[in-house]
Amino acid sequence: MEKRMTVSSQNFKNEDIQKLEEISEVNVYSCYQCGNCSASCPAFEFMDMPPHQVIRAVQLGFIDEILEANTPWICAACISCTVKCPRGVDIAKLMEGVRQVILRKGIDHLNINEIDKKLREQLPQIALIANFRKTIL
Amino acid sequence: MKKIGVFVCHCGINISSTVDIEAVKEALKNYPGVTHIEDYKYMCSDPGQNLLKERIKEKGLDGVVVAACSPTLHENTFRTAVMLVGMNLYNCEIANIREQCSWVHKDKKVATKKAKLIIKSVVEKALLNEELEPVKVPVTRRAMVVGAGIAGIQAALNIANSGYEVVLVDKNPSIGGRMAQLSETFPTLDCSQCILTPKMVEVSQNKNIKLMTYSEVVDVSGFVGNFKVKIKKKVKYVDWDKCNGCGICIEKCPVTVSSEFNQGVGKRKVIYTPFPQAVPNKPVLDAENCTYFIKGKCQICKKLCPPDAVDYTQVDEFVEEEVGAIVVATGYDTYDISNMEEFGAGKIPDVIDGLTFERLLSSSGPTNGEVRRPSDGKIPKEVVFISCVGSRDPEHHFSYCSKICCMYSAKHAMLYKHRVPDGQPFIFYMDVRTGGKGYEEFYQRAQEEDKVIYLRGKVSKLYREDGKIVVCGIDTLSGKYVELNADMVVLATAIRPSAGVNEFARLLKIHYDENGFLTEAHPKLRPVESLSAGIYLAGCAQAPKDIPDTIAQASGAAAMVANLFASDHLLHEPLIAGVNEDLCSGCGFCVTVCPYDARKLNKEEGIVEVNEVLCEGCGSCSASCPSGAAQQKNFTDTQLVNMVKAILKD
């Protein structure tokens, strides 16, 4: 993660950020960084970027960090964050938005033919189906 | 010997858990003078007071000692109770065995011993107390309000509408103060002038208000109910009695200088009114910059004035007013940017303070409300607002929170966004404090609707580079070092008491704190009174505050004035220091130590005389008197010696 950053209004005009806001319909500027979402997240310890920091990064326009983080994939969409948020920010929906942006970019896309045949037979069906979502280009 | 009754209060368990009440009663019951002793759970309660009253009648007591909490709390309660059964109130004494005993000790043995000694010493005092009557003082039912900003205006209107005359003094040519400079006010975004000017007009139309603008108080003497105030009416070079306010002189004056009202970002003429809605709407001439006064030529204003009101021969005028009460509403200044080295020390033209930004936002300001930066008049696209500039920094500047900056920075960012929709406001903050009705919602609106970006951290430095201002800070929420290329920076500088207020406070003999703000008589219970009777405080002179708080305090001060004027005389505490003329040698030591000017040396008689009304009973004179002639009533040397003896005996 970058330690230094230049904040500028250009950051907010980033295409991915605008796409994210459009898909999720979440006003991230409502967030006042209380951290209740992260505090109530059951999967917090497995994430390399806690949910409140994902929102902070969106507020400041740092999309790359979010796209690199494992957070949206660890998120189980249990919506405890959304239920707890005092400002009515639908964080679970935002996470889904992040996943959509990533999917549409084709990051981590998986070609089924590249998987070893033996392994392919052993893998759970649901995992494969989930991964196919990432192949949409 | 007097018959003294002692009443020991348990104060629930506040006293009784550390002081052994029974042991105290045992020790006191045979003490000389004590004819009755009793304890009760809550002496201050109705049954407690009734007990006191009944015993006085039943036992024929001459004096009572209530051993309870501090006299600042319930002395009045018990004194009123004893008065109801015909006892002189100065025969009721309080022995403080709570704040000075049970609360500060843990060891019951030690506390019990101390409680006994405290009560014994107070019994000794009560034995020699005189019966006293309050000193009656006549009251001049006329008030003076110093400073005609929103605080002074509100106080003056309230007093005037209660039916008393008010002299309203302001050093500026117009009333209105800081509020007249503001653009729109949080949290409703009302135009500041639109809500202020009706009050200004009301002041000018109110028959009970004598308005003295462009004037300064130079001397104050006297005391509550009877102040004499000397006022300097600064020379205006315009005869306001003749002037009809047509404004031709202003229009035709050929010289422009930087306008104080516009915080230096706009211009004014040399003969000027500070702003169009000025009250009174009559000009003053600034001789320092006037061509006629510098070179002896010009006189355009004089030649063109239709009623011939311009008069270059005018001089300062001094007048004296007699008033019974004074409200100090001298307002605030903002901390000068030149003190902030890390923010360019005032040398970067596009780094301005909040008050200057108000003028840029104001529809009556130098840019007619368009946000244009001072250096080149361009519309800034990225503006950084920095809060806590000089505030909350005890190491380098001031320790206090300036209270209004969080809200006005949010307002500034919001108004900027409304004026420049494609611009982006950023606010660097340490904490956001939005205590006030509708304030938190306002702050949320700034973020939610106007997309103001809040960055949590203190800016370390800023510098100019390629027409931009590089702002270096940190966002502690994301843990990142932040660099911003701003077009303009607005600093929320600390609120300071207005210049010269401390000299003025010394003139009035009222206190101010280490930051220069005037000190209230009690931080919670007496927030509108100064420590000097008859002098009240309103607005930012006492501490930084917003408009609703200022109005509330000003109305509170006005109510205190009306309260004072409700009677045609005042009652002054008779616990004062007199002079025993047989003992007084006229050395005058007491005259020099008296902080209230209550003592005067009569050289003919060779003795000191006391003005009983001015004496606040501080005791400085008694302590300094070499012959014992200055004795404070009910605190005589004999009483004090007896009290000390009572303590040292055991």
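Two strands count as paired if DSSP finds at least two bridges between them. In this predicted model, that rule is met by strand S18 (residues 325-328) of chain B and S29(B), which run parallel and share three bridges. Within this pair, Ile326(B) sits across from Ile535(B) in S29(B).

Both strands belong to a bigger arrangement. S18 and S29 are part of an open, five-stranded sheet in chain B, ordered S10-S7-S6-S18-S29 and paired in parallel. The edges are taken by strand S10 (209-212) and strand S29 (535-537) of chain B, each of which pairs on one side only. Going from one strand to its neighbour in this sheet, the turn averages 20°, with direction ignored. As a general point, side chains in a regular strand alternate between the two faces of the sheet.

Elsewhere in chain B there is an antiparallel pairing to look at. Strand S11 (residues 215-223) of chain B lines up with strand S12 (residues 226-233) of chain B in the antiparallel sense, over eight bridges. Phe223(B) is found opposite Asn226(B) in S12(B). The two strands form a hairpin with two residues between them, and here Gly225(B) adopts a positive phi near 85°.

Zooming out, chain B has 650 residues, and 46% of them count as buried. Its secondary structure adds up to 18 helices and 32 strands. Along the principal axes, the C-alpha atoms of chain B fill a box of roughly 90 × 70 × 40 Å. As for contacts in chain B with a separation of 6 or more, 69% of them link residues 24 or more positions apart.

Chain A comes with a domain assignment that splits off domain 1 (9-105) and domain 2 (107-137). Taken over C-alpha atoms, the centres of these two domains of chain A are 26 Å apart.

One helix of chain A deserves a closer look. Helix H4 (residues 51-60) of chain A has ten of its ten residues buried, so it is largely enclosed by the rest of the structure. Burial here means that 20 or more other C-beta atoms lie within 10 Å of a residue's own. The buried set in H4(A) takes in hydrophobic and polar names alike, including Val54(A), Ile55(A), Val58(A) and Leu60(A), along with His52(A), Gln53(A), Arg56(A) and Gln59(A). Pro51(A), at the start of the helix, and Ala57(A) are buried as well. Just past the end of H4(A), Gly61(A) has a positive phi of about 85°.

How values were computed: Residues numbered from 1 in each chain as written. Chains lettered and ligands numbered in written order. Predicted model: local features only at pLDDT ≥ 70, side-chain atom pairs only at ≥ 80, totals over all residues. Buried ≥ 20, exposed ≤ 12 C-beta atoms within 10 Å, placed from the backbone. Helix = DSSP H or I, 4+ residues; strand = E, 2+ residues; numbered from the N terminus. Contact = placed C-beta atoms within 7 Å. Axes fitted to C-alpha atoms, helices over the stretch in contact; angles between N-to-C directions. Domains from an automatic or database assignment.
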